[in-house]
Amino acid sequence: MAIGRPKIKSLQAAESPLLGGAMFSPAVLYIVLLIGAPFVLAIFYAFSDARIGSTTLHFVGLENFRSILQSPSFRKALQNSIVFTICAQAIVVVCSTMLSIALEKKFRGRGLLRFLILLPWVAPVSLGSIGWKWILDSIYSVITWVLVWLHFYKPYGAPMWLGQPHLAMASVILVHCWRLIPFATVVMLAGSSAIPKEIPEAAAIDGAGFWRTLFQIKIPMMLPIINVAVLFGTIFTFTDMTVVYILTAGGPFDSTQTLPSLAFATGIQGSDLAAGAAISLFLVPVLVVIAYLMLRMAHRAEVV
Amino acid sequence: MAVVETRNLTKVFKEGALGAVNNVNLETREGEFLVFLGPSGSGKTTLLRMIAGLETPTSGEILIGGKVVNNLSPRERRIAMVFQSYALYPHLSVYKNIAFPLKAQGVKKELHREKVEWASGLLGIGHLLDRKPRELSGGERQRVALARAIVRQPAVFLLDEPLSNLDAKLRASAREELEQFHKNVGTTTIYVTHDQIEAMAMGDRVVVLHQGVVRQIGTPKEVYEDPADTFVATFLGSPPMNLLESSDVIIGFRPESFLPFELISANNQVKFRYKINYLEYLGAERVLYGTLEGSHFESKEIISRLSWTMPAGYEAGSVHDFAVAEADLRFFNRSTGKRAEARALPWP
């Protein structure tokens, strides 16, 4: 009883609404101040004619939305965002699944390899992107240098990785994959190690080879966790502007412009806060739908 | 059907450490139900996994149907295995679980339904084919695992503690069904368990393992009545065999052979003064825990098991004359623990 009493007391304290509220408040404060307020402000601006430097503000209804829907830049950015997200996610899912399977078995240096694979995720995005900007630079690119050295291209005849529309898009996608694969791999590793080891063994005894075990047993069992990885990855990709901004700033000719980078270019750099806010609001319904779909899929595919 | 044989089979997991399985030689008979029995860590599961091809032997050979299979993958060994956890594929329906081995081994698709229905009918789970494993009870899952194992008519069945996840009552009926099932299909079966009751009830022969070494192979009657060493003597039987150490010999007798003096009809018997310290009432029997008095085994702890048909009056604290028929004594070499010839008692 003497031991039990303090426990009961602390339980009562935990149940007091004041303490509960106090412990909960940092999270609420964070969400309200850093996510809620800007979100409400963005909605408000999207229906106004707010501009940087202007002291007046008028309500303009749907005018901003009508004008950006007619803008070719916006349509290009929307299309790019979709291509960017789908391609990046497809590559990330395939590569991270392969990596997680390769890293499952014990071998010499697995710890070091895991650490190296995780590095791109740990390093700040901006630093990584700046590194890639140099690697893909039109004059100083090491890739170009190696290709020239191997006689694949003549000097000065090599492709401009960030200067040609399709190559630029591919570069942006690949750099984004480089950054997201570690995260997805860690998630997948957690998913694949959650499969009891008897199950692939049972499959082996039942006569299944490597591929059948992979595609009919392991991947279906990992589906809920793959969904989680894709859900997070999609949101990271769809809302990311750092990689695009640092590598190409949306160019050449808007060919790598995505919704977030266009919103930044229009709203902050172009001083048209209202249009920028309206563009960024287009992200919301897409993200809500993606989140809803993914959560539903994850729930349905739930196993055991 | 096929015979499984191991020759000097050894598995060492960590170099320099004691082997998990050491020099095991055994051979099943055609259609036999062979049980590997041993405490946990005795190497019985490792031995089974080597036969299945899930573990590579450090040395020695495994033969199935007279052919060395060391280098064959599990799928080429024509075996089926039921795991302790059943290892059903959670995302597939019962039908697809049972059909999986057929698909994996390239059996023609037209034959799948017929074979799945045959296997599920044999185990009485025909009505569950559309369910997912998570919607099944423990007993039903076990049957699905069995159906998945028999559906492609393997040469050998390997069962790894398949009853240990069932509750006690279900276990008894599942044991009976499993025996019946073995009779029907007649496939050579190797069954791993740490439960001696399962081993005794089901096995045609029992392989008793301890620290990776085979201690005895024999029918349940042989291993119980004529244990090859003191380990087998004390591992089998609950409560275990009583052992008395004297000069160079260990003398053992079963608790059910240690009875009140007046109840033993045999001519040659060994008499002891027995003080009962406490007793357990188990319904069909009473288990007495006590100590010997008077002889040079003074205060040696001895267990006696009395059937409920025997007269009452053996209470805690009372002292009685107990005895063992000489025919029920077993002799072991004191230094090796191995079985020795019957001989004259070393005390007067």
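1. A word on terms before anything else: the domain bounds used here come from an automatic or database domain assignment. Keep in mind, too, that this is a predicted model. For chain B, that assignment gives domain 1 (4-225) and domain 2 (240-338). Measure from C-alpha centre to C-alpha centre and domain 1 of chain B sits 39 Å from domain 2 of chain B.

2. Now chain B as a whole. Its C-alpha atoms fill a box of roughly 75 × 45 × 35 Å along the principal axes. You'll find eight helices and 19 strands in chain B. Of the 348 residues in chain B, 40% are buried. Looking at contacts in chain B with a separation of 6 or more, 63% come from residues 24 or more positions apart.

3. Have a look at where the two chains meet. Chain B puts 18 residues into the contact and chain A puts in 16 residues. On the chain B side, β6 (79-82) and α2 (94-104) each supply at least two residues. By class, the chain B residues that touch chain A come out as 13 nonpolar, three polar and two charged.

4. Over in chain A, there's a helix pair to check. The axes of α5 (residues 110-122) and α8 (residues 165-193) of chain A come within 7 Å and cross at roughly 120°. Angles of 65 to 115 degrees count as roughly perpendicular and those over 145 as roughly antiparallel, so at that crossing angle α5(A) is oblique to α8(A). The crossing of α5(A) and α8(A) is left-handed.

5. Which residues make that contact? From α5(A) come I117(A), L118(A), P120(A) and W121(A), while α8(A) brings W178(A), R179(A), P182(A), F183(A), T185(A) and V186(A). Sorted by class, the contact of α5(A) with α8(A) has eight nonpolar residues, one polar and one charged.

6. Last, a residue towards the end of chain B. A340(B) belongs to strand β19 (residues 339-340) of chain B. Is A340(B) buried or exposed? Neither quite: A340(B) has 16 other C-beta atoms within 10 Å, so it counts as partly exposed. For reference, buried takes 20 or more such atoms and exposed takes 12 or fewer. Leaving out residues up to four places away in sequence, A340(B) touches V249(B), F331(B), F332(B) and N333(B). As for L34(B), it is 306 residues from A340(B) in sequence, and their C-alpha atoms are 26 Å apart in space.

Conventions: Residues are numbered from 1 along each chain as its sequence is written. Chains are lettered from A and ligands numbered from 1 in the order in which they are written. This is a predicted model: local features need pLDDT of at least 70, side-chain atom pairs count only at pLDDT 80 or more; totals for chains, interfaces and linings use all residues. Axes are lines fitted to C-alpha atoms, for helices over the stretch in contact, and angles run from 0 to 180 degrees between N-to-C directions. Helices (H or I, at least four residues) and strands (E, at least two) are DSSP runs, numbered from the N terminus. Angles under 35 degrees count as roughly parallel, over 145 as roughly antiparallel, 65 to 115 as roughly perpendicular and the rest as oblique. A crossing is left-handed if the near helix is turned anticlockwise from the far one by less than a right angle, and right-handed if clockwise. Two residues are in contact if their C-beta atoms, placed from the backbone, lie within 7 Å. Ala, Val, Leu, Ile, Met, Phe, Trp, Tyr, Cys and Pro count as nonpolar, Asp, Glu, Lys and Arg as charged, and the others, Gly among them, as polar.
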